[in-house]
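Hi,

Here is the structure I promised to pass on. Please open it first; my notes follow below.

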Amino acid sequence: MVSVYVSGATGFIAQHIVSQLVAKKYNVIGSVRSAEKGEQLKKDLGSDLFEYEIVEDIVTPGAFDESLKKHPEVTVFLHTASPFHFNTTDVEKDLLKPAIEGTKNALKSIKEYGPQITKVVVTSSYAAVAPPDGSPEAPREMILTEESWNPADLEKALKFPNLGYRASKTFAERAAWEFLETEKPNFTLNCVNPSFVFGPQAFKSGVRSTLNTSSEVLNAIVKAGTDESKVPQSIGGFVDVRDVARAHLHGFESDVTNFRYLLVTSRFATQDIVDIINEKIPSLKGKIIVGTPGSGKEKTDKIAQVDNTKTKEKLGEFISLEDSVIDSIKQIVE
Ligand code: NDP
């Protein structure tokens, strides 16, 4: 039976990864920040195939050493833990360091204490792909592919949390590829680069008044009610969390190596989400804004194009924006 280590197992995306792994009968060792969080996840999963190890802070040098020493059966490592929020006045401490040092610490521990680990998948981001200028999105003439990189600028990143987050993912992913190049470890590497991730929480216990950063894009529309000024206007790429989890599994189950799964199912603007809710969730009719139905496309037609054919060929069909929004909102309403 293959044993898979998942860092940051309690995260929105990671809980889906762990669920899919357990459903496929993998043994899973998940790193969590506290016993309380680990117990909750164990209860939610209801499976003996899952156990947790406490790694309070991935920034601490050697953070993963002890748990890897304890689990010589692990042959696959999925590194998902990384902060995703813009709520900081100290970009270096709260975003850059955990992303970059966390990734380096994980890879160093694997090389030293997990030489039997042959496959590593790192959760990177679309943020490491798209350039940060042309806010909030890159210009139309640009075609972003699996080979594109965000030319992140450290000086600017330190000033703005939004750019800081994007840079944190860019520098962390670069550090992973550099590690592979310079350290020549026993493992192969793939990265998963999702755009905005929507979709339901893996477990009802995860549905709170404020959700993780990307799910909050949907939750905020419901919470704003009919007050247009309270609805944050987002635009970008979207992918459903269940497809993101699937990509992580593909990243070690297949013979694909040295690849970046660029996960953009389609483009969206807030208006598209509003339209889906108004059309498909009758219980919210009259309770959320209407905006200008059908006008989302005018906005998404102006932003960079994405060509992720290579990724789509590998992963097959993706869950649509409509299905993802319906599943997410139904869970919030319940
Ligand atoms: P969550 O915030 O739900 O999950 C982040 C996870 O990382 C949590 O388990 C968190 O633990 C853990 N973590 C963060 N900082 C530390 C730290 N210093 N030490 C130990 N653990 C830490 O976010 P997502 O699930 O959305 O994100 C998961 C990954 O996916 C991240 O790498 C993110 O950058 C990436 N991503 C997410 C996208 C999205 O739209 N959701 C898009 C693109 C990439 P705790 O909750 O206990 O603090």
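Strand 8 and strand 9 (residues 235-240) pair in the parallel sense, over 3 bridges. Within this part, F196 stands opposite F238 in strand 9. Keep in mind that this is a predicted model.

The sheet: strands 8, 9 and 11 form an open sheet of 3 strands, in the order 8-9-11 and with mixed pairing. Strand 8 and strand 11 (266-269) are the edge strands; each has a single partner strand, so one side of each lacks a neighbour in the sheet. On average, neighbouring strands here are turned by 50° against each other, direction ignored. Helix 9 (residues 270-280) packs on the sheet and touches strand 8 and strand 11. The direction of helix 9 makes about 85° with that of strand 11.

The ligand: 26 residues surround it, and F12, K37, Y165, K169 and S214 come nearest. By class, the shell divides into 10 nonpolar, 11 polar and 5 charged residues. Strand 8 (196-198) turns up again here: strand 8, helix 1 (12-23) and helix 6 (161-183) each supply at least two residues of the shell.

Which atoms of Y165, S214 and S82 lie close to N or O atoms of the ligand?

- Y165: a polar side-chain atom, 2.8 Å from an oxygen atom of the ligand.
- S214: a polar side-chain atom, 2.9 Å from a nitrogen atom of the ligand.
- S82: a polar backbone atom, 3.3 Å from an oxygen atom of the ligand.

On its own, the ligand has 890 Å² of accessible area, and the protein covers 88% of that.

Best wishes

Notes
Residues numbered from 1 in each chain as written. Predicted model: local features only at pLDDT ≥ 70, side-chain atom pairs only at ≥ 80, totals over all residues. Heavy atoms only, no water. Near = heavy atom within 4 Å. Polar contact = N/O pair within 3.5 Å; in protein donor to acceptor, adjacent residues only side chain to side chain. Areas by Shrake-Rupley, 256 points an atom, 1.4 Å probe, with all protein chains shown as cover. Helix = DSSP H or I, 4+ residues; strand = E, 2+ residues; numbered from the N terminus. Nonpolar A, V, L, I, M, F, W, Y, C, P; charged D, E, K, R; others polar. Pairing = 2+ DSSP bridges. Axes fitted to C-alpha atoms, helices over the stretch in contact; angles between N-to-C directions. Contact = heavy atoms within 4.5 Å.
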